[in-house]
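Thanks for coming. I'd like to spend a few minutes on one structure and on how its parts meet.

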2 protein chains.
Amino acid sequence: MMILNTISQLNSIVDQAKREGKSIGLVPTMGFLHEGHLALANAAKEENELVIMSIFVNPTQFGPNEDFQTYPRDLKRDTQLAESAGVDIIFAPSVEEMYPENGGISIKAGRQSEILCGASRPGHFDGVLQVVTKLFHIAQPTRAYFGQKDAQQVAIIQTLVRDYNFPLEIRSLPIVREADGLAKSSRNVYLTEQERSEAPAIYEALIKAKEEFLVNRNANAAIELASNHITRNSSGKIDYIELLAYPDLKEVTGDTNHFLLASAVFIGKTRLIDNIIFSFEGETANV
Amino acid sequence: MMILNTISQLNSIVDQAKREGKSIGLVPTMGFLHEGHLALANAAKEENELVIMSIFVNPTQFGPNEDFQTYPRDLKRDTQLAESAGVDIIFAPSVEEMYPENGGISIKAGRQSEILCGASRPGHFDGVLQVVTKLFHIAQPTRAYFGQKDAQQVAIIQTLVRDYNFPLEIRSLPIVREADGLAKSSRNVYLTEQERSEAPAIYEALIKAKEEFLVNRNANAAIELASNHITRNSSGKIDYIELLAYPDLKEVTGDTNHFLLASAVFIGKTRLIDNIIFSFEGETANV
């Protein structure tokens, strides 16, 4: 496995792979890898001849009061985990390497970003689209891999790829969970022991709400049930719990048959997100 | 030569060319070809193994009161001219083919678009970046060709390619002029005989201003000279005449040694643009 820090180094590798007609799988991450990331790497390995994992804590997707500075980083551990998952190349550029100049051109995520996490984190998805566009052009992947935990992110990136004709396929993989149901997240490391013991209430609440909704088809009642479960079983403060049509993230109507039930909850100072994507026929993994 | 109307048709050709390791030259146009476009096609032919010319009057770069509906179109004539210039593939999609859906993600051209043509045509360069991004992803060119007549467009597209790491090279070619100096433009066809006879005053004015500036290094005096020349020798109404640093399009300072002297003038109802890019050492063709 190679670890590359500059765009020009990666360009050489990618050009060579393209000349040889190799398929390229890209796994964009912010590092501090967990089993969710490794599942993406495993899928990329299965489906592509060259697997590139980017590890880059992207400053432009963090708000001024968010955790960019303190976001957990451990490149040495990440390197070992990535290698064991079959990653061929780690691309770990500095902020200066990724953003040496700024001519003022921006990408605005628009409608799909004005709800859920976008409402709580203004500009977040603009930053995601900026870095993802750059990574897509640098790595020129055949397929790019994202976790369904960031369901809104996947939906917005799908829209980017569709509306701007990126020559690649987005692959979205199911959430990987701890034994007690908590969604794996690099931010779980922030939790105190007490907070960690409360955190599974989030996924429990989503399951209850989904079951309620499938029976009574009343979104408000389902969300209230979830909200009550979290409040009663944890010290969590709810940022949002919403039920939307997926992947367009519009309001649920009588015709909707593909749902995103998504939540963001502060457990202490740590903001945790989770979601279930389902239809009347059952839970579904992909967009 | 092939004429393709759908993205999926072009995808097949591009995929095949990429597999064979062929270089691809893209010449994006709005059609109604003149010698300026053909010079771009000739350069693309010399430097690449496959030449794709897009012919698409892009609605998103026209303002509500601009000439999208009346913009001249003649695909039959364009086809003959493109073939004679060595174009391999004409890509002529419909508006519906290029914009079937809109998920609301936009590209904002920013600072470099707030002056010159951008000030007179709000949103124009956002539309240019939208269609150019799509065409770059669809045609996956090794090199893309643009005329220096749209100097601001070239500068903004250069910034896009640099800041978003598009894997391609932008080639900019000198303005092609009529015998009397008028810059070739598809919009020249709008001019009445009387207007056509007045139109060369624009380029004359730019030459005078450049010469004045090289002697006295006084931008205001140079612009006034150009402005007076146009007013005295034509019925033209000046939209702007400006001298800026090129390619960053910032204000000229004592350190600047690469200039864009650019103008937009209404002759009757027709808005004509022209420019000279020069340094203290002489006129220069490229960025």
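**Where the two domains meet**

I'll start with one pair of residues. A:Asp67 and A:Arg187 form a salt bridge, and their closest N and O atoms are 2.8 Å apart. Keep in mind that this is a predicted model.

Now, where does that pair sit? Chain A is divided into domain 1, residues 2-173, and domain 2, residues 186-275. So that you can place the contact on the screen: domain 1 of chain A contributes 23 residues to it, and domain 2 of chain A contributes 18 residues. Taken over C-alpha atoms, the centres of the two domains are separated by 26 Å.

How many salt bridges cross the interface of domain 1 and domain 2 of chain A? The rule finds one. For polar contacts, the count between the two domains is 11 residue pairs, with both residues at pLDDT 80 or more.

Next, the domain 1 side, meaning the part of domain 1 of chain A that touches domain 2. Two elements of chain A give two or more residues to that side: α5, 116-120, and α7, 151-163. Which of them gives the most? That is α7(A), with four residues. Sorted by class, this side of domain 1 has 10 nonpolar, eight polar and five charged residues.

Last, the area. About 1800 Å² is buried between domain 1 and domain 2 of chain A, and carbon and sulfur atoms give 55% of that.

To go back to the start, the pair to look for on the screen is A:Asp67 with A:Arg187. That's what I have.

Definitions and conventions: Residues numbered from 1 in each chain as written. Chains lettered and ligands numbered in written order. Predicted model: local features only at pLDDT ≥ 70, side-chain atom pairs only at ≥ 80, totals over all residues. Heavy atoms only, no water. Domains from an automatic or database assignment. Contact = heavy atoms within 4.5 Å. Buried area = accessible area lost by both parts, 1.4 Å probe. Salt bridge = Lys/Arg side-chain N within 4 Å of Asp/Glu carboxyl O. Polar contact = N/O pair within 3.5 Å; in protein donor to acceptor, adjacent residues only side chain to side chain. Nonpolar A, V, L, I, M, F, W, Y, C, P; charged D, E, K, R; others polar.
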